[in-house]
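Here are a few notes to read alongside the structure. They start with the whole chain and then move on to single residues.

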Amino acid sequence: MANIGIVNALIRITLGLTVVAWATARLARRPWCTSYLFAALLGAMKVGEGITRFCPLTALFDNMQRQQLLEEQKEAVVNPT
């Protein structure tokens, strides 16, 4: 189930590939530095989100908002008697 739009997905793919390329170039010069490996993993995650058009954080945020709305609707129900 897609929860991000096409433009958002294309931006994620583009920026994710940019971060992966930058991080792997840095890892080639400094293979002992783990922060570049972490950046490459984050970039790859963004590429994956763009390809699948699913962002777990967006889904979590939408789910939380939906639950709050349902709770507010339950509180707003007035007894008709």
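1. Start with the order of elements: along the sequence, the protein chain reads α-α-α. That makes 3 helices and 0 strands. Keep in mind that this is a predicted model.

2. Now the overall shape. A compact globule of 81 residues would have a radius of gyration near 12 Å, whereas the protein chain comes out at 20 Å. Along the principal axes, the C-alpha atoms fill a box of roughly 75 × 25 × 15 Å. Of the 81 residues, 17% are buried. As for contacts with a separation of 6 or more, 67% of them are between residues 24 or more positions apart.

3. What does the record say? UniProt, in an unreviewed entry, puts the feature "domain: Inner membrane protein YgaP-like transmembrane" at residues 1–65. In the model that stretch is 82% helix and 0% strand, with its end C-alpha atoms 18 Å apart. The unreviewed entry also has a "transmembrane region" at residues 6–25. Those residues are 100% helix in the model, and their end C-alpha atoms lie 29 Å apart.

4. Helix 1 covers residues 6–29. Does its length fit the count or clash with it? At 1.5 Å a residue, its 24 residues should span 34 Å, and the end C-alpha atoms are 35 Å apart, so the two agree. The buried residues in helix 1 are A9, R12, G16, A23 and L27. As a reminder, an α-helix has 3.6 residues a turn, so residues three or four places apart point the same way.

5. Helix 2 takes up residues 34–52. With 19 residues, helix 2 reaches 27 Å from its first C-alpha to its last, close to the 27 Å expected at 1.5 Å a residue. Here the buried set is Y36, A39, A40, G43, V47, E49 and G50.

6. Have a look at R12, which lies in helix 1. Is R12 buried or exposed? Its relative accessibility is 15%, so R12 counts as buried, the cut-off being under 20%. Which residues does R12 touch, leaving out those up to four places away in sequence? They are I4, K46, V47, E49, G50, C55 and T58. With E49 there is also a polar contact between the side chains, at 2.5 Å.

7. That brings us to the partner, E49, which is found in helix 2. E49 has a relative accessible area of 7%, and therefore it is buried too. Besides the contact with R12, the side chain of E49 makes a polar contact of 3.1 Å with the side chain of K46. Setting aside neighbours within four places in sequence, E49 is in contact with I4, R12, F54, C55 and P56. I4 turns up in the R12 list as well.

8. A9 is another helix 1 residue worth a click. At 4% relative accessibility, A9 counts as buried. Not counting residues up to four places away in sequence, A9 touches I4, G50 and R53. A9 and K46 sit 37 residues apart in sequence, yet their C-alpha atoms are 8.9 Å apart in space.

9. R53, one of the residues that A9 touches, is in the loop between helix 2 and helix 3 (56–76). What is the phi of R53, just after helix 2? It is positive, about 60 degrees, although R53 is not a glycine. R53 has a relative accessible area of 28%, so it is partly exposed.

10. Last, the aromatic rings. How many aromatic pairs are there? The count comes to 1. The pair is W22 with Y36, edge-to-face, 5.5 Å centre to centre and with 80 degrees between the planes. The pair links distant parts of the chain, with W22 in helix 1 and Y36 in helix 2, 14 residues apart. The two residues differ in burial: W22 is partly exposed at a relative accessible area of 43%, whereas Y36 counts as buried at 13% relative accessibility.

Note on methods
Residues numbered from 1 in each chain as written. Predicted model: local features only at pLDDT ≥ 70, side-chain atom pairs only at ≥ 80, totals over all residues. Heavy atoms only, no water. Helix = DSSP H or I, 4+ residues; strand = E, 2+ residues; numbered from the N terminus. Expected span 1.5 Å × (residues − 1). Buried < 20%, exposed > 50% of the residue type's maximum accessible area, 1.4 Å probe, protein only. Polar contact = N/O pair within 3.5 Å; in protein donor to acceptor, adjacent residues only side chain to side chain. Contact = heavy atoms within 4.5 Å. Phe/Tyr/Trp six-rings, centres within 6.5 Å; stacked < 30°, edge-to-face > 60°. UniProt positions renumbered as here; feature names shortened; annotations may be inferred. Rg over C-alpha atoms; globule rule 2.2 N^0.38 Å.
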